[in-house]
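Me: I'd like a close look at one part of this protein. Could you pick out one helix, tell me how much of it is covered, and then walk me outwards from there to the empty spaces and the helix packing?

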Amino acid sequence: MAYSSMKTFALLALASTVAASPCPYGALAERGALPKAEADKFFAARAERDVSLGDVKLSKREAEHAAQEQFYKRQIDLGDLLLGGGLLNGVLQPFSGVLADLDVPVPQEFSLKEIPGDDAAHQYVAPGKTDVRGMCPTLNTMANHGYISHTGITTFAEAANACQITLGFGYDTCSFLSALGLLAGGDLVSGAYSIGGADSRVPNTLGPSLGISKHGFFEVDNSISREDYYFGNQADFRLDRWEELVSITQKYDGEFGNSAFAEERVLRYNDAKNNNPEFDAGIRWLAVTNAERVFIFRALPNGTHETLADYQNVAPFYLNETFPEEWFRRANAYSLAETGTDIANLLASSSEITTPGVNEGVDNFVPLGIDLGSVTPTEATCFLASAIFDETPGFLAPGLVDNFNVVEAFLNGAVAPFFAPFDCAISGYAQPGANASSSTTGVSTDCNILVNGVYQC
């Protein structure tokens, strides 16, 4: 190896070590607290590392954009983008026709940033009597801080943008999650949806908008902190379930990480299987419940130590629906591919296989024949795609079933491009039959102010 190459390697190693170290070496250099020779060495290493990493990221982005353009052209040729949309240069394209007024999310900048910090526009404000809150702690937190409308009535674009801004999740992940929410119970034409139950402030352009907490789509059985739909209000926070989770984390140094959730998810599964006569553990359950858990230890740790999901960083989202003090979002975007990797790892780490299926009464569990014995990261990512494509017809509101061509156009234009790299089998999803719709209305929390895990109403 040439001397210059060895020198570059050493400098990069130094910068990487310094960046990963819990010691404030970089901060000392920036404050002028190091000897000049050491400070100069640090800054030179960091600059060279940044250039090298920048070149790698640029090359990767160019390759991704080339693949997106190829897929976009393929969609055009196949007639899949009849109402516009599609992904070019990393950005969803505008829709047309009946979806012309549907705003699409835009990529946000990513860096380590305190949320909300001293931003006066995003300090906590308790919800008022007419503000909607639902079963998702992070959506409730975003609303309480004004990153989405304080009313709890948000849109496809607003929620996806807020997801990136507050949590540091990737454009692909946030767009997928918001699309899932919109199809679960929103107004597809305007992009509006309630983060709780049905609400008159959401338009009903294609039929009743039922809210994202409508059971079976965005909201499923086996929630971390909400009870199953069969037993009551699935939007309300349940302190007892939370405390059970906290008790499990004590076995794992107080961390809400993969090991704790590998145990907790099996506990929740068996409890529902043994006691909920209508327990539904289908493909959407498989995707949503496992994504919900890996998101906890990827979204909620302080970005200054983004692998540490401890009580002080996780609890405020659940107990008070607010950001922790001096909390930083993660610095690097969390992608759909990373989600799939984490889900596969969570399944592999669990003490027993949680077989997908459905209860037809207690003690009458009917398996679906899905093998979870050895799931690859790509297969796990495709579970997410299946959750929104394969079973969509069976869970849509009646108005969307009657206008399924619009649903197809939205899926093709806003969701399919993000899963193109994984070659998921999403091209043959079924047309809905006559009885395919679900008119079940979602619910909001009975009380919308949560303080230390107790509703204040």
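Reply: Let's start with helix α15, where Phe404, Val406, Val407, Ala409, Phe410, Leu411, Asn412, Gly413 and Ala414 are buried. Keep in mind that this is a predicted model. The helix runs over residues 404-414, and with 9 of its 11 residues buried, α15 is mostly covered. For the backdrop, 52% of the 457 residues in the protein chain count as buried. The chain has 16 helices and 11 strands. If you take contacts between residues at least 6 apart in sequence, 68% of them join residues at least 24 apart.

Now for the empty spaces. Rolling a probe the size of a water molecule over the atoms shows where empty space is left. Here that turns up 4 cavities of 30 Å³ or more. The largest cavity has a volume of about 630 Å³, and 34 residues line it. Nearest its centre you'll find Cys136, Thr138, Leu177, Phe218 and Phe295. Sorted by class, the lining of this largest cavity comes out as 28 nonpolar, 3 polar and 3 charged residues.

Which helices build that wall? At least two lining residues of the largest cavity come from each of α4 (137-144), α5 (156-167), α6 (171-185), α9 (283-299), α10 (311-319) and α12 (377-388). Helix α9 has the largest share of that lining, with 7 residues.

There's also an open space to look at. The second largest pocket has a volume of about 390 Å³, and its lining is made of 15 residues. Phe71, Arg74, Asp80, Ile426 and Ser427 lie nearest the centre of this pocket. Two helices, α3 (36-78) and α16 (416-419), each put at least two residues into the lining, and α3 gives the most, with 4. By class, the lining of the second largest pocket holds 9 nonpolar, 3 polar and 3 charged residues.

Back to α10, one of the helices at the largest cavity, and on to its packing. Two packed helices are described by the angle between their axes and the distance between the axes. For α10 and α7 (residues 239-249), the axes come within 12 Å and cross at roughly 170°. Angles over 145 degrees count as roughly antiparallel, and so α7 and α10 are roughly antiparallel to each other. On the α7 side, the contact is made by Leu239, Trp242 and Val246; on the α10 side, Tyr311, Val314, Ala315, Tyr318 and Leu319 do the job. By class, this contact has 8 nonpolar residues, with no polar and no charged ones. As for the spacing of those numbers, an α-helix has 3.6 residues a turn, so residues three or four places apart point the same way.

Two more spots to click on while you're in there. Ser149 sits in the loop between α4 and β4 (153-155), and because its relative accessibility is 23%, Ser149 counts as partly exposed. Leaving out neighbours within four places in sequence, Ser149 is in contact with Ala143 and Glu158. From Ser149 to Val132, 17 residues apart along the chain, the C-alpha atoms are separated by 9.9 Å.

The other spot is Leu267, in helix α8 (residues 258-275). Its relative accessibility is 39%, so Leu267 counts as partly exposed too. Leu267 and Thr354 are 87 residues apart in sequence, and their C-alpha atoms are 10.0 Å apart in space.

Note on methods: Residues are numbered from 1 along each chain as its sequence is written. This is a predicted model: local features need pLDDT of at least 70, side-chain atom pairs count only at pLDDT 80 or more; totals for chains, interfaces and linings use all residues. Side-chain values use heavy atoms; hydrogens and water are left out. On a 1 Å grid over the protein atoms alone, a cavity is a set of points where a 1.4 Å probe fits but cannot get out, and a pocket is an open set with protein on both sides within 12 Å along at least five of seven lines; lining residues have an atom within 4 Å of a point. Grid points are joined across faces, edges and corners, and a volume is the space filled by probe spheres set on the points. Ala, Val, Leu, Ile, Met, Phe, Trp, Tyr, Cys and Pro count as nonpolar, Asp, Glu, Lys and Arg as charged, and the others, Gly among them, as polar. Axes are lines fitted to C-alpha atoms, for helices over the stretch in contact, and angles run from 0 to 180 degrees between N-to-C directions. Angles under 35 degrees count as roughly parallel, over 145 as roughly antiparallel, 65 to 115 as roughly perpendicular and the rest as oblique. Contact means heavy atoms within 4.5 Å. Buried means under 20% relative accessible area, exposed over 50%, partly exposed in between (1.4 Å probe, protein chains only).
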